[in-house]
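User: I would like to learn how to read helix packing and burial in a model of this kind. Could you take me through the features in turn, giving the general idea and then the case at hand?

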Amino acid sequence: MRYLRVALLIVGAAALAILVAENDPAAIVGSIAQLSWRFAIVVSFHTFVAVSDALGWRFAFANDRIAFSRLMAVRLAGEAVNMTTPTASVGGEAVKAWLLSDRAPVEETLPSVFVAKTTITVAQGLFLLVGVAVAAGLLPSGSPLFRGMAWLLIAEVVALSTFVVAQMRGLLGGLGRLVGRIGLPPSVAPHHVLLRASDVLERFYREQPRRLLLSTWFHLVGWMLGVAETFLILHFLGVEVSVRTATVIEALATGIRFVAFFIPAGLGALEGGLLVAFAALGLSPTVALSFSLVRRLREAAWVGLGLVSLAVIRPTRGLAAERSAPR
């Protein structure tokens, strides 16, 4: 899988390069260059999204024992790992749990990662549903773009339902029992931690409906802020669109990222989808690729911040070892 992801990254980068080469690269570069100092505003605006998503993760815990600043820094580090390594958005989640292992036992941090992944995906599905509803009133009847968004929504609902059912049926506990049967020593495969984490996860879903809703809400706010970012970038590129158009663009982009999660950063796949969407909305390929590349540059800036966080944060081993000891 690691080699497959690397291959997909190379193919995606090549596809993006071809798309740019075939759609007036000089005009694309000139369009991006006109942002000038405004690019700093685009990068800064994403702070609101990052804060909303960190709050979504905060409420994925059963309590507020971990400082918000720590959660924010750890989340940036984990997302940077997801964006830059061939781990299919899994490696970064493990990194998040590990970086918090000196602030809370792993049987608490690991379930929080699962809950946050669930609530951010639920929020993404709700946002995509809003986008489909907006597209129904904006696009002509029978539009391929509308049908594509509807199919993306169906795929997300099916995948999310499967993920939630697996958690409620003891996904972590099953992994723990499997590891136990293998017979590896606890220092290599601490299956007792997975079993306790499974209990914490199931108990959270049963006993913390308020925090579950708050987690979903803050993640939804993060997705909705993406509409404002889309509107802002297009405005800086000299393209005026309605809020409805920005909503459709952002909703489609989130749906493509969801189904193309195995491609690092959705490279190439996202740009291809945006070209189709922008054409259906009456916007040129130059605008589509300029918009996407500005987004890529903003992502690169925040990945850089995440890598700095990853380099700075190192959990001490005392609490992790103490809390994870067999009981």
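**Reading helices, packing and burial**

Analyst: Let us start from a single residue: in this predicted model, Arg-211 is found in helix H10.

User: Is Arg-211 buried or exposed, and which residues does Arg-211 touch?

Analyst: Burial is read from relative accessibility, with buried meaning under 20%. Arg-211 has a relative accessibility of 8% and therefore counts as buried. Once residues up to four places away in sequence are set aside, Arg-211 touches Arg-58, Phe-59, Phe-61, Ala-62, Asn-63, Asp-64 and Phe-204. One of these, Phe-61, is 150 residues from Arg-211 along the chain, yet the C-alpha atoms of the two are separated by 7.9 Å.

User: Before we go further, how many helices and strands does the protein have, and what percentage of its residues is buried?

Analyst: The protein has 14 helices and zero strands, so that, read along the sequence, the pattern is α-α-α-α-α-α-α-α-α-α-α-α-α-α. Of the 327 residues in the protein, 50% are buried. As for contacts with a separation of 6 or more, 76% of them join residues that are 24 or more positions apart.

User: How should I read the packing of one helix on another, and at what angle do H3 and H10 cross?

Analyst: Two values describe such a pair, the angle between the axes and the distance between them, and an angle over 145 degrees counts as roughly antiparallel. The axes of helix H3 (residues 38–58) and helix H10 (residues 209–236) cross at roughly 170 degrees and come within 7 Å. H3 is therefore roughly antiparallel to H10, and the contact between H3 and H10 comprises 14 nonpolar, six polar and five charged residues.

User: What is the angle between H4 and H5, and which residues make the contact?

Analyst: Helix H4 (residues 68–84) packs against helix H5 (residues 91–99) at an angle of about 150 degrees, and their axes lie 7 Å apart. H4 and H5 are therefore roughly antiparallel to each other, with H4 passing H5 in a right-handed crossing. On the H4 side the contact is made by Arg-70, Val-74, Arg-75, Ala-77, Gly-78, Glu-79, Val-81 and Asn-82, and on the H5 side by Gly-91, Gly-92, Glu-93, Val-95, Lys-96 and Leu-99. Sorted by class, the residues of this contact are five nonpolar, four polar and five charged.

User: How is H3 oriented to H4, and what classes of residue form their contact?

Analyst: Here the angle is about 110 degrees, and the axes of H3 and H4 are 9 Å apart. That makes H3 roughly perpendicular to H4, and H3 passes H4 in a right-handed crossing. Ala-50, Val-51, Asp-53, Ala-54, Leu-55, Trp-57 and Arg-58 of H3 meet Phe-68, Leu-71, Met-72, Val-74 and Arg-75 of H4. This contact of H3 with H4 has nine nonpolar, no polar and three charged residues.

User: How can I recognise the two sides of a helix, and which residues of H2 are buried?

Analyst: An α-helix has 3.6 residues a turn, so residues three or four places apart point the same way. In helix H2 (residues 25–33), the residues Ile-28, Ser-31 and Ile-32 are buried. They cover an arc of only 95 degrees around the axis, which puts them on the same side of H2. Ala-26, Val-29 and Ala-33, on the other side of H2, are exposed.

User: How would you read Ser-309 and Ala-246 by the burial criterion?

Analyst: Ser-309, which is found in helix H13 (residues 285–312), has 13% relative accessibility and so counts as buried. Leaving aside neighbours within four places in sequence, Ser-309 is in contact with Ala-73, Leu-76 and Ala-77. Ala-246, in helix H11 (residues 243–259), counts as buried because its relative accessibility is 0%. With residues up to four places away in sequence not counted, Ala-246 touches Val-227, Thr-230, Phe-231 and Val-241.

User: Finally, how does Val-6 count by relative accessibility?

Analyst: Val-6 lies in helix H1 (residues 2–21) and, at 36% relative accessibility, counts as partly exposed. Val-6 and Thr-85 are 79 residues apart along the chain, with their C-alpha atoms separated by 8.6 Å.

Note on methods:
Residues numbered from 1 in each chain as written. Predicted model: local features only at pLDDT ≥ 70, side-chain atom pairs only at ≥ 80, totals over all residues. Heavy atoms only, no water. Axes fitted to C-alpha atoms, helices over the stretch in contact; angles between N-to-C directions. Helix = DSSP H or I, 4+ residues; strand = E, 2+ residues; numbered from the N terminus. Parallel < 35°, antiparallel > 145°, perpendicular 65-115°, else oblique. Left-handed = near helix turned anticlockwise from the far one by under 90°. Contact = heavy atoms within 4.5 Å. Nonpolar A, V, L, I, M, F, W, Y, C, P; charged D, E, K, R; others polar. Buried < 20%, exposed > 50% of the residue type's maximum accessible area, 1.4 Å probe, protein only. Arc of directions from axis to C-beta.
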